[in-house]
Amino acid sequence: MTQDNMTDLVIVGAGMVGLTLAALLADSGLRIRVLEHRDIDAEQALTWEQSQREQGYDPRVSALTVASQQVLSVAGVWPQIEQMRLMPYRAMDVWDGEGTGHIHFDCAELHEPCLGHIVENRVTQAALLQRVAAQPNCQLSMGVALTELSEPDEQGARRLTLSNGEMLESRCVVAADGALSNTRRLAGIGMWEWDYGHHAIVTTVTTEVSNQATCWQRFTNDGPLAFLPLAEAHLSSIVWSTSPDHAKLLMELNDADFCQALERAFEGRLGRVTHTDPRAVFPLRQRHAKQYVKAGFAAIGDAAHTIHPLAGQGVNLGLMDAAALAETILEGVKDGVDWHSEYHLRRFQRARQGENLQMAATMEGFKRLFNAEGPLPRLLRNTGMSLMNRCSPVKNHIVQQAMGLAGPLPRLARRPIKE
Ligand SMILES: Cc1cc2nc3c(=O)[nH]c(=O)nc-3n(C[C@H](O)[C@H](O)[C@H](O)COP(=O)(O)OP(=O)(O)OC[C@H]3O[C@@H](n4cnc5c(N)ncnc54)[C@H](O)[C@@H]3O)c2cc1C
């Protein structure tokens with residue numbers, strides 16, 4: 001092994017979560033290698049303004065919570081994201097399409113400027129790529145996958161074989177390679193997994209009425225339909241979760257018929273849907289890694305867990321994982337302990353596993369409640385939502401949860417206390 005092939009930390013996957021971890025470790029003194037199997041054009045990320053004009057809006061957007069905003073600020077990329085493009089949302093309007101239940105949240109009730117931001121995934125990733133590419137302790141390798149991973153040797157180092165034939169040695173490997181993580185599989189960690197029985201259609205649509213800086217969500221027995229506001233007032237990004245058969249039918253419709261079907265499903269809340277961009281569809285599965293860490297190994301983001309997008313929490317949980325793991329590693333480095341040992345990495349697992357499992361259980365509960373047909377579940381939903389809408393403490397708790405401010409947060413995700 002040459003000095004170039006020996007490193008402290010390898011992060012597999014240059015998605016939003018893996019890159020955030022790399023950026024949070026900029027001052028750690030650790031040598032970091034990020035491997036990404038797609039040949040992402042770093043130049044394109046660096047000239048984002050140009051590419052966005054050519055490509056329009058990314059159909060994949062995320063509702064980033066206030067806690068995620070804080071993590072991305074500490075990672076040094078929030079100002080770039082603001083400069084590129086984002087949309088603060090000030091309200092959330094949720095209703096039961098099969099009954100009368102309705103709940104409305106407004107940032108004014110909490111004396112906050114907004115409840116969160118809708119950001120295109122491409123924007124977050126471009127800002128992070130720019131940051132990490134300029135980081136002296138970090139080397140980005142694009143178009144390269146991990147093919148083999150050894151157990152740790154006596155010194156605690158793992159050997160890695162890459163798809164380009166290169167061999168590496170690293171004290172720790174982080175799986176951030178998404179829902180179908182091969183790295184987690186190579187580390188021998190299994191998953192609990194089941195199908196939600198939903199496929200989600202995503203695209204950008206134009207509506208007659210402005211989006212009012214509001215996230216709209218209509219629940220039906222088929223699944224939730226969300227309209228998320230984009231920076232141009234008449235544009236929204238939609239996430240339409242429904243049965244696989246219905247999703248297939250919707251994907252086969254021509255644009256005009258799809259717009260009509262969407263308008264009907266949304267009860268015309270934003271008037272006519274006049275245009276749709278090309279649609280993409282994603283099967284939705286719940287997954288949870290049986291463990292997040294081993295000696296010299298950790299899994300974060302979708303590589304560790306995936307949940308239903310109905311509450312828009314997936315990447316937010318991943319960013320909290322990145323923050324908690326960065327904190328664990330930084331503390332270990334500062335204290336001069338074996339930061340990559342299983343014993344030390346378990347701190348990260350303790351901080352995140354319970355939180356992530358709780359969110360997965362909440363999503364499952366929501367999905368079942370709204371999937372259930374018949375008068376009793378409908379009564380439960382209607383009275384439950386109406387009561388919540390009137391009861392300020394309960395409502396405040398829910399909105400704090402949606403903003404990512406409830407529960408134990410990693411230190412890097414906490415907002416500084418105002419003087
Ligand atoms: C329809 C839909 C809507 C959603 N809406 C929201 C929302 O509003 N809010 C929210 O918080 N979350 C949302 N999510 C979830 C969110 O998109 C994911 O949680 C998030 O993208 C996960 O980020 P990640 O970096 O962990 O994984 P990914 O984004 O999957 O990134 C993984 C990276 O690893 C790379 N990779 C994969 N395999 C390899 C390999 N073998 N070697 C090297 N590199 C590899 C990939 O190319 C990719 O760049 C939604 C999900 C869906 C499906």
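This report walks through a predicted model, from a small sheet to the ligand, the core and a few single residues.

**A small open sheet**

Let us begin with three strands. They form an open sheet in the order E3-E7-E4, with antiparallel pairing. Strand E3 (61-64) and strand E4 (87-89) stand at the edges with a single partner strand each, so one side of each has no neighbour in the sheet. From one strand to the next, the twist averages 25°. As a reminder, strands of a sheet pair through backbone hydrogen bonds, either parallel or antiparallel.

You can follow one of these pairings in the structure above. E4 and strand E7 (residues 116-120) are paired over 3 bridges, and proline 88 has histidine 117 in E7 as its bridge partner. Helix H6 (residues 121-133) lies across E3 and E7 and runs at about 85° to E7.

**Strands E9, E10 and E11**

Next come two more antiparallel pairings. Strand E9 (residues 146-149) is joined to strand E10 (residues 158-162) by 3 bridges, with leucine 146 opposite leucine 162 in E10. E10 is also joined to strand E11 (residues 167-175), here by 4 bridges. In that pairing, leucine 160 has leucine 168 in E11 as its bridge partner. The hairpin of E10 and E11 has 4 residues between the strands, and glycine 165 takes a positive phi near 90° there.

**Around the ligand**

Which residues come closest to the ligand? They are Gly13, Gly15, Gly178, Gly301 and Gly314, out of 32 residues that surround the ligand. By class, this shell has 15 nonpolar, 13 polar and 4 charged residues. Several elements supply at least two shell residues each, among them helix H1 (16-24), strand E2 (32-36) and strand E12 (191-207). Helix H10 (314-335) is another of these elements, and H10 gives the largest share of the shell, 4 residues.

**The nonpolar core**

The largest nonpolar core has 113 residues, and Leu21, Val174 and Ile300 touch the most other members. H10 gives the largest share of this core as well, with 10 residues. Leaving aside residues up to four places away in sequence, leucine 21 touches Ile11, Val174, Ala176, Ile300, Ala322, Leu325 and Ala326. In soluble globular proteins, nonpolar side chains tend to be buried together.

**Three residues to compare**

Now look at valine 10, which has its place in strand E1 (residues 6-12). Not counting residues up to four places away in sequence, valine 10 touches Arg33, Leu35, Leu160, Leu168, Ser170 and Val173. Valine 10 and phenylalanine 297 are 287 residues apart in sequence, yet their C-alpha atoms are 9.6 Å apart in space.

The table sets valine 10 beside two loop residues.

| Residue | C-beta neighbours within 10 Å | Class |
|---|---|---|
| Valine 10 | 27 C-beta atoms | buried |
| Glutamine 212 | 14 C-beta atoms | partly exposed |
| Glutamate 267 | 11 C-beta atoms | exposed |

Why does glutamate 267 count as exposed? Glutamate 267 has 11 C-beta neighbours inside 10 Å, and a residue is exposed if 12 or fewer lie within that distance.

Where do the two loop residues sit? Glutamine 212 is in the loop between E12 and strand E13 (214-219), while glutamate 267 is in the loop between helix H9 (255-265) and strand E16 (273-276). Phi of glutamine 212 is near 55°, a positive value in a residue other than glycine. Phi of glutamate 267 is also positive, near 55°, again in a residue other than glycine.

Terms used
Residues numbered from 1 in each chain as written. Predicted model: local features only at pLDDT ≥ 70, side-chain atom pairs only at ≥ 80, totals over all residues. Pairing = 2+ DSSP bridges. Axes fitted to C-alpha atoms, helices over the stretch in contact; angles between N-to-C directions. Contact = placed C-beta atoms within 7 Å. Near = placed C-beta within 6 Å. Nonpolar A, V, L, I, M, F, W, Y, C, P; charged D, E, K, R; others polar. Core = buried A, V, L, I, M, F, W, Y, C linked by C-beta atoms within 7 Å. Buried ≥ 20, exposed ≤ 12 C-beta atoms within 10 Å, placed from the backbone.
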